[in-house]
Amino acid sequence: MTTSVPPATDNHPDPAADLLLPVPDDDGAPFWDHAARGELRVQTCSDCDEPRFPPRPCCPHCQSFAAHWQRMSGRGRIWSFVVPHPPLLPAYAAQAPYNAIIVELAEAPHIRLVGNLVATPDGALNSVDPARLRIGAAVKVAFHTLPGGVTVPRWLLERP
């Protein structure tokens with residue numbers, strides 16, 4: 001489920017205003033808490049040591065309810081990507097063309113996270129030319145705090 005950030009109230013509209021925001025549930029809240037501290041952590045079973053994402057109460061491998069949040073290196077590879085085309089929600093249309101990528105984590109290749117490839121942690125969603133997107137490209141995590149205070153993982157190319 002997502003919610004919207006209220007529009008900027010000054011004379012300089014923020015291009016990130018009105019972007020959809022995550023709405024953490026009880027299982028996923030720790031992911032967002034760690035992101036706010038600049039850490040990429042994945043829920044991991046305390047009994048069989050298997051990481052799982054999205055977060056959930058029960059391990060799909062051994063059915064244990066015991067879990068902890070394991071820190072990841074923040075490195076991975078682009079597993080897939082799309083470049084959305086208008087018509088889009090207005091806040092996104094203003095930034096087109098931008099990308100949405102799926103990143104396969106280095107330590108846990110079966111864990112894949114969705115985000116955006118950007119030139120800098122605080123760069124615009126369209127700060128990377130779509131022609132530079134490549135399946136398998138090495139990426140590293142960066143964190144960006146959106147208006148409204150939610151910190152999201154974004155991705156930077158290992159070799160810009």
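Author: In this text a residue counts as buried under 20% relative accessible area, as exposed over 50%, and as partly exposed in between. The model discussed here is predicted.

Reader: Is arginine 71 buried, partly exposed or exposed?
Author: The relative accessibility of arginine 71 is 49%. Buried would require a value under 20% and exposed one over 50%, so arginine 71 counts as partly exposed.

Reader: Which residues are linked with arginine 71 in a network of salt bridges?
Author: Arginine 71 forms a salt bridge with glutamate 39, the closest N and O atoms lying 3.6 Å apart. The side chain of glutamate 39 also meets that of arginine 41 in a salt bridge, at 2.7 Å from N to O. The network that includes Arg71 is therefore completed by Glu39 and Arg41.

Reader: How many residues apart in sequence are the parts that arginine 71 and glutamate 39 tie together?
Author: The salt bridge between arginine 71 and glutamate 39 has its closest N and O atoms 3.6 Å apart. Because arginine 71 belongs to strand 4, whereas glutamate 39 sits in the loop between helix 1 (29–36) and strand 3, the parts that this pair ties together are separated in sequence by 32 residues.

Reader: Is glutamate 39 buried or exposed?
Author: The relative accessible area of glutamate 39 is 16%. The cut-off for a buried residue is under 20%, so glutamate 39 is buried.

Reader: Which residues of strand 3 are buried on the side opposite Arg41, Gln43 and Cys45?
Author: Strand 3 is largely enclosed by the rest of the structure, because 5 of its 5 residues are buried. In a regular strand, side chains alternate between the two faces of the sheet. Both faces of strand 3 are covered, with Arg41, Gln43 and Cys45 buried on one side and, on the other, Val42 and Thr44.

Reader: Which residue of strand 4 stands opposite threonine 44?
Author: Strand 3 pairs with strand 4 in the antiparallel sense, over 5 bridges. Within strand 4, the residue that stands opposite threonine 44 is histidine 68.

Reader: Where does proline 54, which follows a cis peptide bond, lie?
Author: The peptide bond from phenylalanine 53 to proline 54 is cis, with omega near 5°. In the chain, proline 54 is placed in the loop between strand 3 (41–45) and strand 4 (67–71).

Reader: What is the relative accessibility of glutamine 63, whose phi is positive?
Author: Glutamine 63 has phi near 65°, a positive value in a residue other than glycine, and it is placed in the loop between strand 3 and strand 4. Aspartate 49 lies in the loop between strand 3 and strand 4, likewise with phi near 65°, and counts as partly exposed at 48% relative accessibility. Glutamine 63 counts as partly exposed too, at a relative accessibility of 49%.

Reader: How far apart are the closest N and O atoms of glutamate 158 and arginine 75?
Author: Glutamate 158 is partly exposed at 27% relative accessibility, and arginine 75 is partly exposed at 39%. These two residues form a salt bridge, in which the distance between the closest N and O atoms is 3.0 Å.

Conventions. Residues numbered from 1 in each chain as written. Predicted model: local features only at pLDDT ≥ 70, side-chain atom pairs only at ≥ 80, totals over all residues. Heavy atoms only, no water. Helix = DSSP H or I, 4+ residues; strand = E, 2+ residues; numbered from the N terminus. Buried < 20%, exposed > 50% of the residue type's maximum accessible area, 1.4 Å probe, protein only. Pairing = 2+ DSSP bridges. Salt bridge = Lys/Arg side-chain N within 4 Å of Asp/Glu carboxyl O.
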